[in-house]
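Please take a look at the sequence and the 3D structure below. A short report on the fold, its hollows and two chosen residues follows.

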Amino acid sequence: MTTKPRREAAVKRPISITAVVDAVGALAAGNMHGHLYMYDTNKAGGSTGFGTEELQTKARRGDQILWNCLALECEAFVAIDDIVIDSDICEPVRKVYPGTDVAYWTGTVKKDAGPITYQIKFRLGTRDEPITTTLSSSLVG
């Protein structure tokens, strides 16, 4: 008698949030307004606001979030310096891909909640001080 193998529980993939930064525009303006385009991988799950500074990522308790950034201009340096969010909801931590100097931030949603806004601080070019987003993206439970 043969039995069907049990289906392994589907491995839940992290929700990846990517910030595309027009570093030249942000450095010239001294702020991120109009120079930041946010995207995530959870459009099918209900995320909205793609391509804007006010991305609303649908996320629930237990979801792992992964933030990274890209420069619109390939020669520009951009990096996330910090993610400011209520630590009762999520505590992002900076990590580096093994064997590289490519950094990303990750955190796990601790509990379901209404829209929880967050701001991202970016390091751009050779500027000493980070530039913080003026508008906020959010995690939406």
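## Buried or exposed

A residue counts as exposed when its relative accessible area is over 50%, and as buried when that area is under 20%. Anything in between is partly exposed. Keep these cut-offs in mind, because they decide how each residue is labelled here.

Now apply them. This is a predicted model. Pro-115 has a relative accessible area of 60%, so Pro-115 is exposed. Val-78 has a relative accessibility of 13%, so Val-78 is buried. Across the chain of 141 residues, 37% count as buried.

## The chain as a whole

What is the chain built from? It has one helix and 10 strands. In sequence order the pattern reads β-α-β-β-β-β-β-β-β-β-β. The C-alpha trace spans about 70 × 35 × 25 Å along its principal axes.

Take the contacts in the chain with a separation of 6 or more. Of these, 56% are between residues 24 or more positions apart.

## The five-stranded sheet

Five strands make up an open sheet. Their order is β2-β1-β4-β7-β6, and the pairing is mixed. Which strands stand at the edges? They are β2 and β6 (residues 93-96). Each has a single partner strand, so one side of each lacks a neighbour in the sheet. From one strand to the next, the twist averages 25°.

Look at the pairs at both ends of that order. Strand β1 (residues 15-21) pairs with β2 in the antiparallel sense, over five bridges. Here Ile-17 stands opposite Asp-40 of β2. Strands β6 and β7 also run antiparallel, and four bridges join them. Val-96 has Ala-103 in β7 as its bridge partner.

## Two faces of strand β2

In a regular strand the side chains alternate between the two faces of the sheet. Strand β2 (residues 36-40) shows this alternation. Leu-36, Met-38 and Asp-40 point to one face, and they are buried. Tyr-37 and Tyr-39 point to the other face, and they are not buried.

## The largest pocket

The largest pocket holds about 270 Å³ of space. Its lining has 16 residues. Which of them lie nearest the centre? They are Cys-69, Val-78, Ala-79, Val-102 and Ala-103. Three elements give two or more residues to the lining: β4 (64-71), β5 (78-84) and β7 (103-108). The largest share, four residues, comes from β4.

What kinds of residue line this pocket? There are 13 nonpolar, one polar and two charged.

## Two cavities

Now turn to the cavities. There are two of 30 Å³ or more. The largest has a volume of about 50 Å³. Its lining includes Ala-59, Arg-60, Ile-89, Lys-111 and Leu-139. By type, six of the lining residues are nonpolar, two are polar and three are charged.

The second largest cavity has a volume of about 30 Å³. Leu-36 and Met-38 are among the residues that line it. Both also belong to the buried face of β2. Strands β2 and β8 (116-124) each supply at least two residues of this lining. Strand β8 gives the most, with three residues. The lining divides into five nonpolar, three polar and one charged.

## Two residues compared

Where is Val-78 found? It is in strand β5. Leaving out residues up to four places away in sequence, Val-78 touches Val-21, Ala-23, Cys-69, Leu-70, Ala-71, Arg-123 and Leu-124. One of these, Cys-69, is listed with Val-78 among the residues nearest the centre of the largest pocket. Met-32 is 46 residues away from Val-78 along the chain, and their C-alpha atoms are separated by 12 Å.

Pro-115 lies in the loop between β7 and β8. Which residues does Pro-115 contact, apart from its neighbours within four places in sequence? They are Leu-139 and Val-140. Leu-139 also lines the largest cavity. Lys-58 is 57 residues from Pro-115 along the chain, with 9.1 Å between their C-alpha atoms.

Notes. Residues numbered from 1 in each chain as written. Predicted model: local features only at pLDDT ≥ 70, side-chain atom pairs only at ≥ 80, totals over all residues. Heavy atoms only, no water. Buried < 20%, exposed > 50% of the residue type's maximum accessible area, 1.4 Å probe, protein only. Pairing = 2+ DSSP bridges. 1 Å grid on protein atoms, 1.4 Å probe; cavity = no way out; pocket = protein on both sides within 12 Å on 5 of 7 lines; lining within 4 Å. Points joined across faces, edges and corners; volume = space filled by probe spheres on them. Nonpolar A, V, L, I, M, F, W, Y, C, P; charged D, E, K, R; others polar. Axes fitted to C-alpha atoms, helices over the stretch in contact; angles between N-to-C directions. Contact = heavy atoms within 4.5 Å.
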